[in-house]
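Here is a short tour of a protein model, written for someone who would rather look at side chains than at tables. Keep the viewer open as you read.

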Amino acid sequence: MVTLRYAAWFLFEVVCLLIALLGVWLVYPPAAMILGGVAGAVAAERATAGRGSGQRKEARL
């Protein structure tokens, strides 16, 4: 269950990231696109981090 505190922290992170990307975009747009891609990959890794590796454990004999 998502608590209000967790949701507020998540919203804060997203807003800070968007402001940073906007600042980079004003200077050099291709760099902002690259940073946005990296941030998306990091977000995907964080979202799947708690699910485990998906590998099966070997049975002990």
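The notes below go from the whole chain to its pocket and then to a few residues.

## The chain as a whole

Please keep in mind that this is a predicted model. The protein chain has two helices and zero strands. Helix 1 covers residues 4-27, and helix 2 covers residues 29-48.

How much of the protein chain is buried? Of its 61 residues, 3% are buried. The accessible surface of the chain is about 6000 Å², and carbon and sulfur atoms account for 69% of that surface.

## The largest pocket

The largest pocket holds about 340 Å³ of space. Which elements give two or more residues to its lining? They are helix 1 and helix 2. Helix 1 provides the largest share, with six residues.

If you would like to colour the lining, select Tyr 6, Trp 9, Phe 10, Glu 13, Val 14, Leu 17, Ala 39, Val 42, Ala 43, Arg 46 and Ala 47. By residue type, the lining has nine nonpolar residues, two charged ones and no polar ones.

## A salt bridge between the helices

Two names from the pocket lining, Glu 13 and Arg 46, come up again here. The structure holds one salt bridge, and these residues form it: the closest N and O atoms of Glu 13 and Arg 46 are 3.1 Å apart. The pair joins distant parts of the chain, with Glu 13 in helix 1 and Arg 46 in helix 2, 33 residues apart.

Are the partners buried, partly exposed or exposed? Glu 13 has 28% relative accessibility and counts as partly exposed. Arg 46, at 57%, is over the 50% cut-off, so Arg 46 counts as exposed.

## An aromatic pair in helix 1

The structure also holds one aromatic pair. The ring centres of Trp 9 and Phe 12 lie 5.6 Å apart and the ring planes meet at 35°, so the pair is tilted. An angle under 30 degrees would have counted as stacked, and one over 60 as edge-to-face.

Where do the two residues sit along the helix? Trp 9 and Phe 12 are three residues apart in helix 1, which means that about one helical turn separates them. Trp 9 is also among the residues that line the largest pocket. Phe 12 is partly exposed, with a relative accessible area of 47%.

## Leu 22, another residue to look at

One more stop in helix 1 is Leu 22. This leucine has a relative accessibility of 51%, so Leu 22 counts as exposed.

What is the C-alpha separation between Leu 22 and Ala 32? Along the chain the two are 10 residues apart, and 7.5 Å separates their C-alpha atoms.

Definitions and conventions: Residues numbered from 1 in each chain as written. Predicted model: local features only at pLDDT ≥ 70, side-chain atom pairs only at ≥ 80, totals over all residues. Heavy atoms only, no water. Phe/Tyr/Trp six-rings, centres within 6.5 Å; stacked < 30°, edge-to-face > 60°. Helix = DSSP H or I, 4+ residues; strand = E, 2+ residues; numbered from the N terminus. Buried < 20%, exposed > 50% of the residue type's maximum accessible area, 1.4 Å probe, protein only. 1 Å grid on protein atoms, 1.4 Å probe; cavity = no way out; pocket = protein on both sides within 12 Å on 5 of 7 lines; lining within 4 Å. Points joined across faces, edges and corners; volume = space filled by probe spheres on them. Nonpolar A, V, L, I, M, F, W, Y, C, P; charged D, E, K, R; others polar. Salt bridge = Lys/Arg side-chain N within 4 Å of Asp/Glu carboxyl O. Areas by Shrake-Rupley, 256 points an atom, 1.4 Å probe, with all protein chains shown as cover.
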